Structures are given as structure tokens and as C-alpha cells.
Amino acid sequence: MGYVENTQPNTEVLAKETLICPGFYTTNIKKLSSTDTSSFQGAFSTAIANLKKDYTKDKYIRDERFEQSWDHIQGEARELIIKLLEMYCAAEYSGFILYKELSSELKETNSVLSDGFSLMSRDEARHASFLNKALLDFHIKPGLGFLEKEHRKYIFLPFSWFIYSTYLSERISSCYYITIFEHLESYPEYSIYPIFGFYKSWSEDENRHGDFFGAIIKSELQLSNGLKAKLVCKFFLLLIFSMTYFKYKSNDKLLALLGLDAQEYYVSTIRKVNKSISKDLPVVLDFEKSQFFEELDICLLHISENEKINISNQNALLKWIRKIPHYSTILLVMLRLLIRSQTN
Ligand SMILES: [Fe+2]
Ligand SMILES: [Fe+2]
């Protein structure tokens with residue numbers, strides 16, 4: 001990839017403000033604060049000690065690799081890289097705000113959790129700020145109005161939904177960062193922007209966050225023990241892995257830009273994550289027995305049929321009636337997966 005000029009863009013003059021839309025979440029704080037951290041003290045101590053070591057403190061430095069203009073990246077490649085940076089910038093800010101607020105809400109009632117969330121918010125702030133600066137390289141200035149609390153709309157997630165989805169998002173993003181990093185190490189010709197070189201440290205940070213949530217899951221009996229816990233866990237794994245897999249269609253161009261096949265990439269990420277989480281969860285999925293990905297492909301066909309119905313010129317009632325058989329099939333597939341996909 002050739003360099004056009006060796007100067008930093010004048011971001012003050014050129015940057016166009018863009019809206020960054022992080023999601024804001026909250027959950028049952030009372031339940032979270034009653035987490036008995038003493039029953040798995042070892043897991044919490046290790047997770048917090050690792051966070052305190054702050055291994056990646058000096059890793060996110062914009063070195064000489066950034067000291068150039070990125071205006072040679074134009075057209076679709078530029079749009080895609082901006083889409084990637086915006087998407088992750090929003091996700092990192094979302095994590096930063098969530099953990100910062102949880103830390104302060106738990107300060108008086110559960111100091112172990114409060115400490116952990118505070119350390120994780122430090123990491124997410126660092127990630128968000130690095131992405132923020134990367135966007136400025138492309139003359140995009142993220143609008144940070146959401147940092148004012150009154151501009152936020154919160155989504156309340158029931159406790160188990162909150163814990164499983166946040167835990168899995170940490171594990172999935174850790175896997176995302178390391179897979180891209182390792183791929184680009186083997187195929188450096190696709191590394192069109194230096195941020196990918198930081199993905200190893202990034203992945204390690206997210207993995208430490210996953211370890212902290214793993215300790216919470218282990219110490220919450222309703223999440224880790226018994227038949228009900230297994231069923232709930234399996235339900236969330238199915239839901240979150242399915243939603244992750246369905247994203248491959250919308251991210252195919254982005255991953256192709258990095259030299260990756262989107263479907264293969266998502267299948268391998270989900271498989272790796274499923275393997276890595278068995279140490280924390282009461283159950284993981286058996287993809288072979290359930291023909292997981294084949295079944296999800298059937299769902300994708302029906303989702304696409306519904307999308308075609310959505311853009312047709314028929315009236316709303318007729319559209320709705322025509323969509324019912326597709327929704328029914330998707331529901332049946334999910335039920336089939338729920339019954340078949342357990343390993344232990
Ligand atoms: Fe992060
Ligand atoms: Fe994280």
C-alpha cells in the first residue's frame with residue numbers, strides 16, 4: 001500500500017462530525033450487588049489481579065505507523081473502514097459507560113465487583129479513545145453528546161440476559177480481535193491501516209473482561225448450577241451465536257477487504273468461542289449433533305424471504321400474513337436446535 005503524503009491531517013479543519021450511537025444498558029443492580037464473591041474468591045482475585053496489572057497500559061501508542069495521510073484509501077474501501085471504526089467505537093463507548101456506571105452503583109454494596117467494573121471501564125475508555133483518534137485520521141469526528149447522561153436512553157436487561165450477553169460479547173470480541181490479528185500477520189498485504197496491529201493487546205484486554213464475568217457466572221448459582229441454569233444458558237448461547245452468525249451477510253464486504261471470507265470467519269469464531277467458554281458455563285453447544293450452521297442457513301433463507309415481502313408493494317396486513325409461515329419455520333428451527341444442541 002503506497003503512501004500519499006507524510007503529514008497528519010488537519011482534523012480541526014477537515015473533520016466531519018458523525019453521530020456515534022452506543023447502546024446504554026442497565027440491569028437489576030440489587031441482584032448484581034448481592035453476588036457472593038467469597039464463594040469463588042480465587043477466580044475473582046485472579047481476574048482482578050490481572051486487570052490491576054494493566055498489561056496493555058503502554059500498548060495503545062499511536063506510533064510512526066500513523067504519521068501519514070490516509071486519503072489514498074478511497075471509495076468503497078474507505079466507507080468500509082469508517083463503518084468498522086464507527087461500529088467498534090460505539091461498542092467500546094457503550095462498554096465504557098456501562099462498566100463505569102456499574103462500578104459507581106456498586107461502590108457501597110459490593111467493592112469486589114465495583115473494583116472489577118472500574119478497571120474494565122479504564123480499558124474500554126482506552127479502546128474507545130484509540131478508535132476515536134483513528135476516525136480523525138479519516139476526517140471523521142465522533143459526536144460525543146451521549147457522554148451527557150441526559151441524552152441517553154437506557155435498555156433494561158433482566159439479570160441473566162445481561163450477564164450472559166455481556167460475558168459472550170467480551171469473549172466474541174476477544175476472538176474477533178485475535179483472529180483478525182493472526183490473519184493479517186499471515187497476509188500483511190491486507191493490513192490497510194495500522195490499527196489491526198494493536199488487535200492482539202486488544203483481544204487480551206477483552207479476554208480478561210470475559211474472565212471477570214466468568215467469575216460472576218460461577219458465583220451465581222442460578223446461572224451455573226442445575227437443570228434450569230443449563231436450559232437458560234443453552235437458550236442464550238443459541239440466541240447470541242445465531243445473531244452473531246446472521247451478521248456475516250451484512251459484514252461480508254468488510255471482511256473481504258481484510259482478505260477474509262465472512263461466512264468461514266463467523267463459523268470459526270463461533271466454534272472457537274464455544275470451546276473457550278466451557279470453563280465458565282454450565283453447558284456449551286454441540287454444533288455437529290444439531291447441524292447448527294446448516295439449520296441457521298435455513299433461517300437465513302426465511303429471513304431473506306421476509307425481507308423481500310417487506311419491500312413489496314402489498315398492504316401491511318397481507319405482508320404480515322405472508323410472513324407468518326417464514327416466522328413459524330424460524331421458530332421451529334430454533335426449537336429443534338434447543339433440543340438437539342446440548343453436549344453435557
Ligand atoms: Fe473493549
Ligand atoms: Fe471489554
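## Tour: aromatic pairs, then the iron site

A search of the whole structure finds 36 aromatic pairs. The model is predicted. Two of the pairs are stops on this tour.

**Stop 1: Tyr60 and Trp202.** Select both side chains. The ring centres of Tyr60 and Trp202 are 5.5 Å apart. Their planes meet at 90°, so the pair is edge-to-face, the class for angles over 60 degrees. Now colour by sequence position. Tyr60 sits in the loop between α3 (41–53) and α4, while Trp202 belongs to helix α7. The pair thus links distant parts of the chain, 142 residues apart. Switch on a surface. Tyr60 is buried, with a relative accessible area of 11%. Trp202 is buried too, with a value of 0%.

**Stop 2: Phe117 and Phe212.** Stay with helix α7 and select Phe212, then add Phe117 from helix α5 (residues 111–137). What is the geometry of the rings of Phe117 and Phe212? The centres lie 5.4 Å apart with the planes at 80°, so this pair is edge-to-face. In sequence, Phe117 and Phe212 are 95 residues apart, and the pair links distant parts of the chain. Phe117 is buried, at 0% relative accessible area. Phe212 is buried as well, at 0%.

**Stop 3: Arg208.** Select Arg208, found in helix α7. Buried or exposed? Arg208 counts as buried, at 12% relative accessibility, because the cut-off is under 20%. Next, show its surroundings. Leaving aside neighbours within four places in sequence, Arg208 is in contact with Asn50, Leu51, Tyr55 and Thr56.

**Stop 4: the iron ions.** Select the iron ion (ligand 1). Which residues coordinate the iron ion (ligand 1)? The donors are Glu92 (OE), listed twice, Glu124 (OE), His127 (ND1) and Glu206 (OE), at 2.0 to 2.7 Å. Along the chain, the donors of this ion follow the spacing E-x31-E-x2-H-x78-E. Glu92 lies in helix α4 (residues 75–105) and Glu206 in helix α7 (residues 199–219), so the pair ties together parts that are 114 residues apart in sequence. Glu92 and Glu206 are both buried. Now add the iron ion (ligand 2). The iron ion (ligand 1) and the iron ion (ligand 2) are 3.7 Å apart. Glu124 coordinates both ions.

**Stop 5: Arg152 and Phe24.** Finish with a charge and a ring. Select Arg152 and Phe24. Arg152 lies over the face of Phe24, at 5.5 Å from the ring centre.

Methods
Residues are numbered from 1 along each chain as its sequence is written. Chains are lettered from A and ligands numbered from 1 in the order in which they are written. This is a predicted model: local features need pLDDT of at least 70, side-chain atom pairs count only at pLDDT 80 or more; totals for chains, interfaces and linings use all residues. Side-chain values use heavy atoms; hydrogens and water are left out. Donors are N, O and S atoms within 2.8 Å of the metal (3.2 Å for Na, K and Ca); water is not among the atoms, so sites may look incomplete. Helices (H or I, at least four residues) and strands (E, at least two) are DSSP runs, numbered from the N terminus. Buried means under 20% relative accessible area, exposed over 50%, partly exposed in between (1.4 Å probe, protein chains only). Rings of Phe, Tyr and Trp (its six-membered ring) pair if their centres lie within 6.5 Å; planes under 30 degrees apart count as stacked, over 60 as edge-to-face and the rest as tilted. A charge sits over a ring if NZ of Lys or CZ of Arg is within 6 Å of the ring centre and within 35 degrees of the ring normal. Contact means heavy atoms within 4.5 Å.
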